[in-house]
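Trainee: Please take one part of this model and go through it closely, then place it in the rest of the chain. Give the cut-off for each term as you use it.

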Amino acid sequence: MFLLVQRFGELMRKLWNPRNFKAHVSPHEMLQAVVLCSKKNFQITKQGDGVDFLSWFLNALHSALGGTKKKKKTIVTDVFQGSMRIFTKKLPHPDLPAEEKAQLLQNAEYQETMVESTFMYLTLDLPTAPLYKDEKEQLIIPQVPLFSILAKFNGVTEKEYKTYKENFLKRFQLTKLPPYLIFCIKRFTKNNFFVEKNPTIVNFPITNVDLREYLSEEVQAVHANTTYDLIANIVHDGKPSEGSYRIHVLHHGTGKWYELQDLQVTDILPQMITLSEAYIQIWKRREEDETNQQGA
């Protein structure tokens, strides 16, 4: 697995080398390391899922650098890892009589439990897309504000999760925000027959997103800065199985946004980014001096 770290390190050094002899850098060796280390789960000839790859890649780098799930940290966890509290409450079967439900809810098994957990990225759930069409027989593409789907992590909003046998109510509250925060917008749902894509557009500001209200009260004082700015936006276009990816990246030096698709790089207006079907987003936390400059 260390081969992955080695090849990724080489690629980064080549990319950021100010004295690079060639104007282009080939990621071929890095891609070969991905194929080998993932045991061919991700291949050069076959398009994979962006979130699946991101999750595997971050955890593989962390593990190869000597990191563990709980104790030993690495640069990967220092940069991307946050923590949250997960509150879980078991629900009685919906078909049971009301009296039996009330009796079961008194049992210890049905009381709310809380566990502390870490995360590398936050999964944001989209509301179900409507199936009806408008007057012109075109499917309506719904829109949802970013803060509506972030409400999942406010410590109050409850959501029902179903397993094969049991149902649970869960709510989440953030306890630590990392320097770089990754959002994965859940666009794809799998059933027994096929994969469906939710085309809902997420309306989000590109700068100045304050996440203080999603932290529990006792840790708010510890977090001096809770404001984030978007630095990368990964978009999925087309059908679930045969779509394509585009990436919007902020050039920090000039403050300009660029769109990358394969080998094509073009300028893009910030207003156009919010109209895309965002799939993965990377947000950078403002440091104190940056916050002061914005305020001035």
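Mentor: What follows is a close look at the nonpolar interior, with the residues and loops around it.

The model is predicted, so local features need pLDDT of at least 70 and side-chain atom pairs count only at pLDDT 80 or more, while totals for chains, interfaces and linings use all residues. Residues are numbered from 1 along each chain as its sequence is written, and side-chain values use heavy atoms, leaving out hydrogens and water.

Start with the frame. The protein has nine helices and 16 strands; these are DSSP runs numbered from the N terminus, helices being H or I of at least four residues and strands E of at least two. Its C-alpha trace spans about 75 × 55 × 50 Å along the principal axes. Of its 296 residues, 37% are buried, where buried is under 20% relative accessible area, exposed is over 50%, and partly exposed lies in between (1.4 Å probe, protein chains only). Among contacts (heavy atoms within 4.5 Å) with a separation of 6 or more, 63% join residues 24 or more positions apart.

Now the interior. A nonpolar core is a set of buried Ala, Val, Leu, Ile, Met, Phe, Trp, Tyr and Cys residues joined through side-chain atoms within 4.5 Å. The largest one has 32 residues, and those touching the most other members are Leu-146, Leu-174, Leu-181, Phe-183, Phe-204, Leu-211 and Trp-283. At least two residues of this core come from each of strand 1 (82-91), strand 3 (122-125), helix 6 (146-150), strand 6, strand 7 (180-186), strand 12 (227-237) and strand 16 (278-285). Beyond its neighbours within four places in sequence, Leu-146 contacts Leu-124, Phe-183, Val-202, Asn-203, Phe-204 and Trp-283. A separate core of 24 residues includes Leu-4, Val-51, Phe-80 and Ile-280.

Leu-4 also takes part in a helix pair. Helix 1 (residues 2-15) packs against helix 3 (residues 50-64) at about 105°, with the axes 8 Å apart; axes are lines fitted to C-alpha atoms, for helices over the stretch in contact, and angles run from 0 to 180 degrees between N-to-C directions. Helix 1 is therefore roughly perpendicular to helix 3, a label that covers 65 to 115 degrees. Phe-2, Leu-4, Val-5 and Phe-8 of helix 1 meet Trp-56, Phe-57, Ala-60, Leu-61 and Ala-64 of helix 3.

Two residues in strands that feed the largest core are worth a look. Thr-88, in strand 1, is buried because its relative accessibility is 17%. Outside four places in sequence, Thr-88 contacts Gln-111, Glu-112, Thr-113, Phe-168, Leu-169 and Lys-170. Asn-167 belongs to strand 6 (residues 167-176), and its 13% relative accessibility is why Asn-167 counts as buried. Not counting residues up to four places away, Asn-167 touches Lys-89, Lys-90, Leu-91, Pro-94, Glu-160, Tyr-161 and Lys-162.

Finally, two loop residues. Most residues other than glycine have a negative phi. Lys-39, in the loop between helix 2 (28-37) and helix 3, has a positive phi near 55°. Lys-39 is exposed because its relative accessible area is 74%. Asp-262 has a positive phi near 55° and sits in the loop between strand 14 (256-261) and strand 15 (264-268). With 77% relative accessibility, Asp-262 is exposed.

Notes: Angles under 35 degrees count as roughly parallel, over 145 as roughly antiparallel, 65 to 115 as roughly perpendicular and the rest as oblique.
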